[in-house]
Amino acid sequence: MNKLNHEKHTQTTSYEIGESVYVLQTCTEEEDAESFYYYKQFEKKEGVILEVIEHPRLQYRVKFGQAVAVLYHEELTNGNQRDFPIKLTVNQEGWEGDKVEWYTQKEVADLLGVSKATVYHYGKQKKIIKILDPHRLHKEARYGKAEVDRLVYEKQSLPTGMSPNDVAKKLGLSVQSVYKYIQDGSIKAKAVPYGDERITYVISETAYHEAEKSLKPSETQRPKKYEYYDSKNDIVLYQKFHSTKIPEARVVRNEDNVFGFYLPNIQKWLTYEEGVKNYALKPSYSIHQPTLDYKGYVELQVPKNEVVFYPFIDYLYKNWGVENVRMREQDSSVLLFIRAGERPLMPEMISIADILPYLTNGEMHHEDDTLILRSPNRKTSFELPNNLLETISDLAEQEGISISKWVEQKLSSIIK
């Protein structure tokens with residue numbers, strides 16, 4: 001199926017037998033792993049020309065210490081790079097006679113959707129059959145068509161759907177969280193082979209919608225902790241860090257919803273590991289406080305570009321703690337749900353007058369160096385028939401909200 005199409009060259013003399021040469025690294029591992037590792041074993045070693053080969057392209061048998069290699073002219077140098085004569089026929093088909101059909105390494109990579117390095121390893125593992133080329137007449141490795149076609153057919157028969165990365169972006173989660181939910185069964189996925197002895201997962205549309213109901217919070221639900229808190233590293237969104245090198249860093253998530261650090265002074269995002277290792281970043285305060293008794297929540301919506309934004313966030317984490325604060329990030333603001341209660345608020349910390357304009361639900365008071373938050377809701381109870389309660393519970397679950405919220409919404413629509 002493939003033919004060698006060599007161009008004629010009019011060029012100068014070749015290296016001579018006995019002449020000293022060195023190998024030139026003419027490709028990267030990603031471009032051609034086969035050739036890359038072939039060159040690598042002779043890199044920086046002095047070689048001696050043993051034989052000049054013109055069959056059908058100028059090559060040399062070169063001795064490197066105890067090893068002997070066959071290399072093209074353009075893969076060698078004696079310190080003065082020079083041209084060479086090539087004596088061959090245009091459209092020559094190669095010397096091996098009746099050859100089998102084959103694909104080049106790049107063609108195999110494209111067909112299977114893997115890197116050329118992975119194709120190289122597939123050959124080593126005998127998943128595909130590499131066609132021998134002892135005289136290195138072909139610049140790129142070749143593989144038998146039958147075995148490659150079999151792998152392509154197997155790949156086409158695999159289940160289709162969304163990748164973990166796709167699901168992470170749709171649900172507003174990190175990819176690591178999606179893999180965790182796959183492992184614990186919260187997200188149903190099928191394992192499929194990928195690359196060199198690895199697997200990935202495929203999530204069907206049905207499985208995605210099932211996960212969406214349980215994992216993606218609706219706008220009427222209070223934020224879930226994974227939206228703003230990274231339990232693995234015990235960090236929370238917009239938390240302040242610092243070091244002797246960096247006066248201020250903030251915890252933010254990148255476009256893949258991975259938690260890391262943003263360094264405002266150099267406008268750079270880092271992974272958590274890079275920030276801790278390379279910049280010695282450490283928390284500027286503890287984010288943990290005792291959990292307050294539940295008396296409802298006070299809600300605020302604070303624009304990110306307001307001067308008071310970071311001071312207020314720092315105050316909440318230091319004095320109320322992540323146990324009593326919930327957060328949902330929006331494009332230009334954040335929604336804050338703070339447990340009703342009382343905590344210290346000194347004048348030097350923050351002014352309540354700067355925060356009151358962003359209060360959307362509940363009450364906020366400042367008395368005797370104490371911030372008092374009161375929920376707008378009052379807890380009540382009433383009895384319902386079991387069948388009615390079960391129906392309400394099912395309807396609330398379908399909408400992804402609590403029973404209390406469902407009842408509140410229905411009553412509000414009736415009572416104007």
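**Salt-bridge exercises**

Arg250 is buried, at a relative accessible area of 3%; buried means under 20%, exposed over 50%, and partly exposed in between (1.4 Å probe, protein chains only). This is a predicted model, in which local features need pLDDT of at least 70, side-chain atom pairs count only at pLDDT 80 or more, and totals for chains, interfaces and linings use all residues. Residues are numbered from 1 along each chain as its sequence is written, and side-chain values use heavy atoms, with hydrogens and water left out.

**Exercise 1.** Find the salt-bridge partner of Arg250 and place the pair in the fold.

*Solution.*
- Apply the criterion: a side-chain nitrogen of Lys or Arg within 4 Å of a carboxyl oxygen of Asp or Glu.
- Arg250 pairs with Asp314; their closest N and O atoms are 2.7 Å apart.
- Arg250 sits in strand 13 (residues 249–253) and Asp314 in helix 9 (residues 309–319), so the pair links distant parts of the chain, 64 residues apart. Helices (H or I, at least four residues) and strands (E, at least two) are DSSP runs, numbered from the N terminus.
- Asp314 is buried, at 11% relative accessibility.

**Exercise 2.** Analyse the salt bridge between Arg374 and Glu342.

*Solution.*
- The closest N and O atoms are 3.1 Å apart.
- Arg374 lies in strand 23 (residues 370–374) and Glu342 in strand 20 (residues 341–344), so the bridge ties together parts 32 residues apart in sequence.
- Arg374 is partly exposed at 35%, and Glu342 is partly exposed at 43%.

**Exercise 3.** Which residues are joined into one network by salt bridges that share partners?

*Solution.*
- The network joins Glu248, Arg250 and Asp314.
- The structure holds eleven salt bridges.
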